[in-house]
Amino acid sequence: MVHSDDLMMQGMDYLNMPVDENHQRTLDTYYDNRAYPGAPPSIPHPVAKERSFGGNTCIQCHQNGGFVAKFNAYAPVTPHPEMVNCRQCHVTKNTTSDFKENGFVKPEPPKVGLGANNALLGSPPTIPHQLQMRESCISCHGGPSAPKEIRVSHPERINCRQCHIPKHSEQPTVDTSTFLRQFDKLNEK
């Protein structure tokens, strides 16, 4: 797990990083790169090999972030560099699709801005997404790769949940019976 203080020790002084107005990601681009809010981001650029693994390729740019001239963009820092099989969750963005049209409607992303996502009037914004696989808040909310709308103004503070609480503390109940293997169903009796 990468923490904000670990990133500071790696020379990533997010507080003093200049904002590059010519290469900022927008919040719309940030959400367009996901199948739905909360989904892992897709890979918006070509990959070296279809079966490339994190340690061989992805981590080279995404472990420390920074500007990547080849893609003319800032590489976001991964919140979970210990997960070396990046392609298990992150897929390349395809312009042509083998899938048929369907009725899936992408949900609206959480609102951002003053008073849009606060538990109480004047309180810090709540965390509108799950925390699993996102333990390092600064990976998305700090540095030049963060969209300005969600970029934190105080990256030197390392305990985000001291002030920001998860919006939904209870997990939704999910009927998992459809995921049981046939063997399990036979042995339940």
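## Cysteines

There are zero disulfides in this structure. Take Cys 89: it is in no disulfide, and the nearest cysteine sulfur, in Cys 86, sits 9.0 Å away. Cys 89 is partly exposed, because its relative accessibility of 45% falls between the cut-offs for buried and exposed. Keep in mind that this is a predicted model.

Then there's Cys 137. Its closest cysteine sulfur belongs to Cys 160, at 3.6 Å. That is too far for a bond, because a disulfide calls for two cysteine sulfurs within 2.5 Å. Cys 137 also counts as partly exposed, with a relative accessibility of 24%.

## Overall layout

Now for the fold. The protein has five helices and two strands, and going along the sequence they run α-α-α-β-β-α-α.

Of the 189 residues in the protein, 24% are buried. The accessible surface comes to about 14,000 Å², and carbon and sulfur atoms account for 55% of that. As for contacts with a separation of 6 or more, 69% are between residues 24 or more positions apart.

## Aromatic pairs

How many aromatic pairs does a search of the whole structure find? It turns up two. One joins Tyr 30 and Tyr 31, with ring centres 5.2 Å apart and planes at 80°. That makes the pair edge-to-face, because the angle is over 60 degrees. Both tyrosines are buried: Tyr 30 has a relative accessible area of 9%, and Tyr 31 has 16%.

The other pair is Phe 67 with Tyr 74. Here the ring centres are 5.2 Å apart and the planes meet at 70°, so this pair is edge-to-face too. Phe 67 is partly exposed, at 38% relative accessibility.

Tyr 30 has a charged partner as well: the charged end of Arg 34 sits over its ring, 3.9 Å from the centre.

## A buried serine in a loop

Where is Ser 145 found? Look in the loop between helix 4 (137-141) and helix 5 (182-187). Despite the loop setting, is Ser 145 buried or exposed? Ser 145 is buried, because its 6% relative accessibility is under the 20% cut-off.

Leaving out residues up to four places away in sequence, Ser 145 touches Arg 25, Tyr 74, Ala 75 and Pro 76. One of those, Tyr 74, is also the ring partner of Phe 67. Cys 137, the partly exposed cysteine from earlier, carries the number at which helix 4 (137-141) begins.

Note on methods. Residues are numbered from 1 along each chain as its sequence is written. This is a predicted model: local features need pLDDT of at least 70, side-chain atom pairs count only at pLDDT 80 or more; totals for chains, interfaces and linings use all residues. Side-chain values use heavy atoms; hydrogens and water are left out. Rings of Phe, Tyr and Trp (its six-membered ring) pair if their centres lie within 6.5 Å; planes under 30 degrees apart count as stacked, over 60 as edge-to-face and the rest as tilted. Buried means under 20% relative accessible area, exposed over 50%, partly exposed in between (1.4 Å probe, protein chains only). A charge sits over a ring if NZ of Lys or CZ of Arg is within 6 Å of the ring centre and within 35 degrees of the ring normal. Helices (H or I, at least four residues) and strands (E, at least two) are DSSP runs, numbered from the N terminus. Contact means heavy atoms within 4.5 Å. Accessible areas come from the Shrake-Rupley method with a 1.4 Å probe; for residues, only the protein chains shown count as cover.
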